[in-house]
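Student: Hey, can you walk me through this structure? I'm new to it.

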Amino acid sequence: MVHLYLGTFAREALLKAIARSRGWMETILSGKAASLNDIAFSEGLAERYVRRLAVLTFLSPKVIQAIADGAAPSGVTVSSLTLALPHAWADQ
């Protein structure tokens, strides 16, 4: 049986997106920005893009660890995570 796991480029892209989303949430929680719209404006990004990535803040630690270890399936992408992410960690 062949197991296909994330490559280095995909893993780094996912980890960067997760870190970015966590940074945005920290900016809001610290009061440096009032909303995701403020963050989008300050970074020159579309608000829709920022809102889409923001859900990555809530990935379960197990999913993040699997990505960091390169053990996540090869089909996992930023888009696949942001479009189909269950809210409960147990379901992730």
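Tutor: Let's talk about how some of the helices pack and which sides are buried.

Student: Anything I should know before we start?

Tutor: This is a predicted model, where local features need pLDDT of at least 70, side-chain atom pairs count only at pLDDT 80 or more, and totals for chains, interfaces and linings use all residues. Residues are numbered from 1 along each chain as its sequence is written, and side-chain values use heavy atoms, leaving out hydrogens and water.

Student: Okay, at what angle do H2 and H3 cross?

Tutor: Roughly 120°, with the axes of H2 (residues 36–43) and H3 (residues 47–54) coming within 8 Å. Helices here are DSSP runs (H or I, at least four residues), numbered from the N terminus. The axes are lines fitted to C-alpha atoms over the stretch in contact, with angles from 0 to 180 degrees between N-to-C directions.

Student: Which residues make the contact?

Tutor: Leu36, Asn37, Ile39 and Ala40 of H2 meet Glu47, Val50, Arg51 and Ala54 of H3, where contact means heavy atoms within 4.5 Å.

Student: And which residues of H2 are buried?

Tutor: Leu36, Ile39 and Ala40, where buried means under 20% relative accessible area and exposed over 50%, with partly exposed in between (1.4 Å probe, protein chains only). They span an arc of only 100° around the axis, which puts them on the same side of H2. Phe41 and Ser42, on the other side of H2, are exposed.

Student: Switching to H4, what do its buried residues pack against?

Tutor: H1 and H5 (78–83). The buried ones in H4 (residues 61–69) are Val63, Ile64 and Ile67.

Student: What about Gly70?

Tutor: Gly70 sits just after H4 and takes a positive phi of about 75°.

Key: Helices (H or I, at least four residues) and strands (E, at least two) are DSSP runs, numbered from the N terminus. The arc is that of the directions from the helix axis to the C-beta atoms.
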